[in-house]
Amino acid sequence: MQGGQKAESPERGIGASGALEKEAEVAHEVRGVVARAKGAPVTVEQILVPDPGPGEVLVSVQACGVCHTDLHYREGGINNDFPFLLGHEAAGLVEEVGPGVKSVSAGDFVIVNWRAVCGQCRSCLRGRPWYCFATHNATQKMTLVDGTVLSPALGIGAFADKTLVAAGQCTKVDSRARPEAAGLLGCGVMAGLGASLLTGEVSRGDSVAVFGCGGVGCAAIAGAVLAGATTVIGVDLDRRKLELARAFGATDVVDASSGDPVESVRGLTGGNGADVCIEAVGNPKVMEQAFYARDLAGTLVQVGVPTPEMRMELPMIDFFGRGGRLKPSWYGDCLPSRDFPVLISLYLEGRLDLDRFVSETITLDGVEEAFHRMERGEVLRSVVVLGSGS
Ligand SMILES: NC(=O)c1ccc[n+]([C@@H]2O[C@H](COP(=O)([O-])OP(=O)(O)OC[C@H]3O[C@@H](n4cnc5c(N)ncnc54)[C@H](O)[C@@H]3O)[C@@H](O)[C@H]2O)c1
Ligand SMILES: [Zn+2]
Ligand SMILES: [Zn+2]
């Protein structure tokens, strides 16, 4: 049990300004999953997590899901700021709050988010905090024991017994929710639900087609069902995923490995195409299919994350002639303080099946293997469970 151990922080020496860099005097030495170099398998390392400073919160992590974005980090697909402390779909208990923190207190059950809205940027000031252009994270750095600064994935880094975040990254929710399920709202499941409910503005009677039925796509299906869509089509290459799509409420499924999915979606929507098409893969070919599988004046939502090299080519006349809306979905356009408590209520009432996203629970040592299972399409979410006895 290394969870609660306190250790002296390493000496940092003189900073660029010439002043002695003042770091927290003590730090918690815990285990964390670190990606040291591009493409290299992740390792479990001892890390130092500082005590919370002003505006910061120390969270004792209970559960953290494995998201495709963690793998993107490991593969250098996000940026080159190795070493990364991975993990960002987490729930846990507030252990300690720093000076000035009023929004949460020790013992609160929280979901950690990557949208701590600033309230002051041009988007917040225009009343659109879900696009906040200046979201913030903890100021102090978590490090390896030798003092090497870690880059926490999405400003979180929750494949660790404890993590340090900004207070605004903690959303208090009903503690009756299972941490394994609740934590998933911290990223992929919220992104998918929001792609339907918020970005796509799916409403009663709509037809919706979701391309890619992984964790994000299945959540988009669940969101479309919650919104009252009458036709909900799941499209995937993998039969197992299509079965899951049905379990989340898809009324129809399309196997994109056999035949043209655009024609299939049109066939299932009276020859017209769906009112809302959601791309949840991150693939230009799929994006194009979703573009053409829309009805006239329909909405295309892009929630899958592309790599910088990906390109799309479309005849401008089709863009114009088909009308409607093309909308990228950052984190499902969610506002954690508004949306997490509502979704947890729906979960506790049995109206949103978050438990079904939890394919398996693992320990910190199992993250590398979980990446491989994700690549083989065997899971929706592997969830690291921390705490008791670890
Ligand atoms: N926008 C956001 O804020 C946000 C948040 C979290 C994740 N994401 C992104 O969403 C995407 C999906 O994430 P996930 O965790 O669900 O991944 P996943 O790997 O679990 O799911 C992807 C699914 O797409 C399917 N697929 C692959 N190629 C396909 C094709 N040609 N046609 C149809 N289906 C195909 C796979 O079989 C798989 O079921 C990723 O790009 C991820 O980075 C975005
Ligand atoms: Zn802002
Ligand atoms: Zn994620």
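The secondary structure of this protein comes to 11 helices and 19 strands, in a model that is predicted. Its radius of gyration is 21 Å, close to the 21 Å that the globule rule gives for 390 residues, so the protein is as compact as a globular protein of that length. Here is a short tour, from the overall fold down to single helices and strands.

**Overall build**

- Along its principal axes, the C-alpha trace spans about 65 × 45 × 40 Å.
- Of the 390 residues in the protein, 51% are buried.
- Contacts across the sequence are plentiful in this sense: taking those between residues at least 6 apart, 70% join residues at least 24 apart.

**The six-stranded parallel sheet**

- Six strands form an open sheet in the order 14-13-12-15-16-17, and their pairing is parallel.
- Strand 14 (252-255) and strand 17 (325-328) are the edge strands, each pairing on one side only.
- On average, neighbouring strands of this sheet are turned by 20° against each other, direction ignored.
- Within the sheet, five bridges join strand 15 (residues 274-279) to strand 16 (residues 294-302) in the parallel sense.
- To find this pairing in the structure, look at Cys277, whose bridge partner in strand 16 is Leu300.

**Helix 5, a mostly covered helix**

- Helix 5 (residues 215-226) has 12 residues, which at 1.5 Å a residue should span 16 Å; its end C-alpha atoms are 16 Å apart, which agrees.
- Of those 12 residues, 11 are buried, so to speak of helix 5 as mostly covered is fair by the definition of burial, 20 or more other C-beta atoms within 10 Å.
- The buried residues of helix 5 include Gly215, Val216, Gly217, Cys218 and Ala219, and among the others are Ile221 and Val225.
- Strand 12 (207-211), strand 13 (231-236) and strand 15 are among the elements that the buried residues of helix 5 pack against.
- Those buried residues also pack against helix 4 (188-199), helix 6 (239-247) and strand 19.
- Just after helix 5 comes Gly228, with a positive phi of about 95°.

**Helix 11, a helix with two sides**

- Val367, Ala370, Phe371 and Met374 are buried in helix 11 (residues 367-375).
- These four cover an arc of only 110° around the axis, which puts them on the same side of helix 11.
- His372 and Glu375 are exposed on the other side of helix 11.
- The packing partners of the buried residues of helix 11 are strand 2 (26-35), helix 1 (68-74), strand 18 (358-362) and strand 19 (381-385).
- Strand 19 thus appears in the packing of helix 11 and in that of helix 5.
- Gly377 follows helix 11 and has a positive phi, near 75°.

**Strand 6 and its antiparallel partners**

- Strand 6 (residues 89-97) is mostly covered, with seven of its nine residues buried.
- Strand 6 pairs with strand 4 (residues 56-65) in the antiparallel sense, over eight bridges.
- In this pairing, Leu93 of strand 6 stands opposite Ser60.
- Strand 6 also runs antiparallel to strand 7 (residues 109-112), and three bridges join the two.
- Here Ala91 stands opposite Ile111 in strand 7.
- As background, strands of a sheet pair through backbone hydrogen bonds, either parallel or antiparallel.

Key:
Residues numbered from 1 in each chain as written. Chains lettered and ligands numbered in written order. Predicted model: local features only at pLDDT ≥ 70, side-chain atom pairs only at ≥ 80, totals over all residues. Rg over C-alpha atoms; globule rule 2.2 N^0.38 Å. Contact = placed C-beta atoms within 7 Å. Pairing = 2+ DSSP bridges. Axes fitted to C-alpha atoms, helices over the stretch in contact; angles between N-to-C directions. Arc of directions from axis to C-beta. Expected span 1.5 Å × (residues − 1).
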